[in-house]
Amino acid sequence: MTETVDPVAPPPAEAPAAEARHSRRRRPTGEPSMAREPDYQTGRPTKIAIVGVGMVGSTFAYTLLLSGIASEIVLIDANHERAEGEAMDLNHAVPFAHPTKICAGEYADCEGAAITVIAAGVGQRPGETRLELVKRNAAIFGQIVPRVAEANPEGIIVVATNPVDVLTYVTLNLAGLPAHRVFGSGTILDTARFRYMLSEHLGVDPRSVHAYIIGEHGDSEVPVWSLANVAGMRLPSFCAENGIPLSPDTMERIFRQTRDAAYEIISRKGASYYAVAAGLMRITEAILRDQNTVLSISSLVTDYYGIDNICLSLPTVISRRGIERVLRLDLSPREARGVRKSAEVLRQTIESLEVAAATDPA
Ligand SMILES: NC(=O)c1ccc[n+]([C@@H]2O[C@H](COP(=O)([O-])OP(=O)(O)OC[C@H]3O[C@@H](n4cnc5c(N)ncnc54)[C@H](O)[C@@H]3O)[C@@H](O)[C@H]2O)c1
């Protein structure tokens, strides 16, 4: 007959070996499951905090759980009940995934997180541009960022909320952290969409298509056609060699589908979240595994084609430190004009935000 053991009763005093074996006793029902050890490569804990666990934040948390890369995930939301519900649901997936400690928390729980991802805010309404969201979401960031930075002055902050470039700039100012530890998801999603659209046209795996969208994550974003390649072959040679059309109309169609993808998805299902969550996951992996991966994220750009003190996306090397370096692409004259225009659009938004803040009676 099997002996029945109370999982929460103290071990018997006369059994030191068993005590050692059972020192990690089961937690009472409802408590988070056991955290993993710190990352074996870096020796650091792999706690990730997520502020805003709506569609984007919770999908990222789920992706993170399935990846097994985090030892602890803290979910923070103005709607604390929602964060609790997400934590419960995610914890129930742990037996199918990886031992991960997941809980709903407060800002103080950002302490010790390697990365805090901010996906809090109000979503884009159908037909609304990302820049029109700015005032609503900047005010929300005023409540969030100082508390995250205070709880975790050593960590990295990754912004996902739109308009992501402006909010990355706002975060940089509010957080007072070094610029290499504050960045936005930027055009990581647009670049993925561009590579996907190109892969469909070219008939190769999107992972073998090397092409970037730079500038604003939004209407003024810029496709870098001049440097796009497959196996080092520029697209005109690749297409000529393989009998694939690459007319200006085709290029315009591929770019339009890339740029307008968010509008198309939102008009059909109300929000987009799987692909951006996968992008946030890729950023997280690059940081935690110290991979020096090149990703098009949004960061503070200075002295580039006349652009200064604006957050926008360029291919950027990401490691455990955060931003290692921003790659200053040699652009065609048309692309350079495009990225300057992007910077101008973003500058005007930041200025209008500053004017609004200065004249706000509150
Ligand atoms: N960067 C990208 O590529 C990309 C892609 C898709 C969506 N987004 C953006 O991500 C953001 C979130 O989108 P979503 O679909 O998850 O929206 P959502 O409405 O589902 O979730 C937003 C969450 O933020 C929370 N929140 C609001 N104010 C808060 C505050 N002051 N403190 C803490 N939490 C607060 C809400 O309670 C909600 O749970 C939006 O701005 C959206 O445009 C970005």
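Which element gives the largest share of the shell around the ligand? Let's find out in the views below, which come from a predicted model.

**View 1. The ligand and the residues around it.** Helix H4 provides the largest share of the shell, with 4 residues. In total, 31 residues surround the ligand, and the closest are Gly52, Gly54, Val56, Ala120 and Asn162. Two elements give two or more residues to this shell: helix H2 (55–67) and helix H4 (134–151). By character, the shell divides into 15 nonpolar, 14 polar and 2 charged residues.

**View 2. The ligand and the two domains.** Here you can follow the shell back to the domains that build it. Domain 1 (28–184) gives residues to the shell and so does domain 2 (188–352), which means that the ligand lies between them.

**View 3. Helix H3 and its buried face.** Helix H3 runs over residues 80–91, which makes 12 residues. From its first C-alpha to its last it reaches 16 Å, close to the 16 Å expected at 1.5 Å a residue. Its buried residues are Ala83, Glu86, Ala87 and Leu90. Seen down the axis of H3, these buried residues fall within an arc of 100 degrees, so they line one face of the helix. A helix rule helps when reading this view: with 3.6 residues a turn in an α-helix, residues three or four places apart point the same way. And what do the buried residues of H3 pack against? Their partners are H2, strand S2 (72–76) and strand S3 (101–104). You have already met H2 in View 1, as one of the elements that give two or more residues to the shell around the ligand.

**View 4. Helix H6, from Ile188 to the glycine that follows.** Helix H6 covers residues 188–202 and has 15 residues. Its reach from first C-alpha to last is 21 Å, close to the 21 Å expected at 1.5 Å a residue. Is H6 largely enclosed or largely open? Because 11 of its 15 residues are buried, H6 is largely enclosed by the rest of the structure. Among the buried residues are Ile188, Leu189, Phe194, Met197 and Leu202, together with Asp190, Arg193 and Arg195. Gly203 follows H6, and its phi is positive, near 75 degrees.

**View 5. The whole protein, for orientation.** Stepping back, the secondary structure comes to 11 helices and 14 strands. Of the 362 residues in the protein, 42% are buried. Among contacts with a separation of 6 or more, 70% join residues 24 or more positions apart.

Notes
Residues numbered from 1 in each chain as written. Predicted model: local features only at pLDDT ≥ 70, side-chain atom pairs only at ≥ 80, totals over all residues. Near = placed C-beta within 6 Å. Nonpolar A, V, L, I, M, F, W, Y, C, P; charged D, E, K, R; others polar. Domains from an automatic or database assignment. Expected span 1.5 Å × (residues − 1). Buried ≥ 20, exposed ≤ 12 C-beta atoms within 10 Å, placed from the backbone. Contact = placed C-beta atoms within 7 Å. Arc of directions from axis to C-beta.
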